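Subject: Structure for your review

Dear colleague,

Please find below the structure that I am handing over to you. My findings follow it, arranged from a single residue to the whole chain and back to single residues.

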Amino acid sequence: QVQLVESGGGLVQAGDSLRLSCAASGQTFTIYRMGWFRQAPGKEREFVAAIRWTGGSTRYADSVLGRFTISADNAKNMMYLQMNSLKPEDTAVYYCAAYTGIYDIVVDTSFYPYWGQGTQVTVSS
């Protein structure tokens, strides 16, 4: 019912910045929460940030708090992740995700039925 496509990943050096984008389509009017997750090779997928589709009520993982900023523009069916002061440990495939239920269990992948294909972020030291 909802399709998501990420873009904006790339290869950068430590301390650099990137802005990831997530384009939503389909029944976007049903979206309640959007989130960003990341997964390094051989590691579990982990929560990065979340936001309500209408904006506000942001949540961040402790590891990115103060460096990353999540935002959404539902009028344009877009979500963004501004990543500053990137570190090598930020290297991962970054995924956008969405759910429609009116709840706020934002850190658990099991509660997000809609996922993008992922975009690679590589940070060299």
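Is T30 buried, partly exposed or exposed? Please bear in mind, before the reply, that this is a predicted model. T30 has a relative accessible area of 23%, so this residue is partly exposed; a residue would have to fall under 20% to be called buried. T30 sits in the loop that joins β3 and β4. Although T30 and G101 are 71 residues apart along the chain, their C-alpha atoms are separated by 8.5 Å. Setting aside neighbours within four places in sequence, T30 is in contact with V2 and T100.

The overall fold

The protein contains eleven strands and zero helices. Read from the N terminus, the order of elements is therefore one β after another: β-β-β-β-β-β-β-β-β-β-β. The C-alpha trace spans about 40 × 25 × 25 Å along its principal axes. For 125 residues, a compact globule would be expected to have a radius of gyration near 14 Å, and the 13 Å of this protein agrees with that.

Contacts show how the chain is folded back on itself. If one takes the contacts between residues at least 6 apart in sequence, 58% of them join residues at least 24 apart. The pair T30 and G101, described above, is separated by 71 residues along the chain.

Surface and charge

Buried residues account for 42% of the 125 residues. The accessible surface of the protein comes to about 6,100 Å², and carbon and sulfur atoms hold 48% of that area. There are 10 positive and 10 negative charges, and their mean positions lie 3 Å apart.

The nonpolar core

Which residues touch the most other members of the largest nonpolar core? They are L4, M34, W36, M79, L81, M83 and Y94, within a core of 38 residues. At least two residues of this core are supplied by each of β1 (2-7), β3 (18-26), β4 (33-39), β5, β7 (68-73), β8, β9 and β11 (119-124). The largest share comes from β9, which gives six residues.

Y94 is a good residue to select in the viewer. Beyond its neighbours within four places in sequence, Y94 is in contact with E6, L20, F37, R38, V48, F68, L81, M83, G118, T119 and V121. Two of these partners, L81 and M83, are also listed among the core residues that touch the most other members.

A98 is found in strand β9. With a relative accessibility of 0%, A98 counts as buried. Its contacts, leaving aside neighbours within four places in sequence, are L4, I31, R33, M34, Y112, P113 and Y114. A98 and I51 are 47 residues apart in sequence, while their C-alpha atoms are 9.7 Å apart in space.

Residues in the loops

Q27 lies, as T30 does, in the loop between β3 and β4. Q27 counts as partly exposed because its relative accessibility is 32%. Not counting residues up to four places away in sequence, Q27 touches Q1 and V2. V2 is also a contact of T30. Q27 and Q39 are twelve residues apart in sequence, and the distance from C-alpha to C-alpha is 27 Å.

I105 belongs to the loop between β9 and β10 (114-115). At 37% relative accessibility, I105 counts as partly exposed. Apart from neighbours within four places in sequence, the contacts of I105 are Y99, F111 and Y112. Y112 is also in contact with A98. The C-alpha atoms of I105 and A50 are separated by 9.9 Å, and the two residues are 55 apart along the chain.

Two serines with positive phi

Where does S57 lie? S57 is placed in the loop between β5 (46-52) and β6 (59-60). Its phi is near 50°, a positive value in a residue other than glycine. S57 is partly exposed, with a relative accessible area of 36%.

S85 also has a positive phi, of about 50°, although S85 is not a glycine. This serine is in the loop between β8 (78-83) and β9 (92-99). With a relative accessible area of 42%, S85 is partly exposed.

Yours sincerely

Notes. Residues are numbered from 1 along each chain as its sequence is written. This is a predicted model: local features need pLDDT of at least 70, side-chain atom pairs count only at pLDDT 80 or more; totals for chains, interfaces and linings use all residues. Side-chain values use heavy atoms; hydrogens and water are left out. Helices (H or I, at least four residues) and strands (E, at least two) are DSSP runs, numbered from the N terminus. The radius of gyration is taken over C-alpha atoms; the globule rule is 2.2 Å times the number of residues to the power 0.38. Buried means under 20% relative accessible area, exposed over 50%, partly exposed in between (1.4 Å probe, protein chains only). Contact means heavy atoms within 4.5 Å. Accessible areas come from the Shrake-Rupley method with a 1.4 Å probe; for residues, only the protein chains shown count as cover. Lys and Arg count as positive and Asp and Glu as negative; His and the chain ends are not counted. The place of a charge is taken as NZ of Lys, CZ of Arg, CG of Asp or CD of Glu. A nonpolar core is a set of buried Ala, Val, Leu, Ile, Met, Phe, Trp, Tyr and Cys residues joined through side-chain atoms within 4.5 Å.
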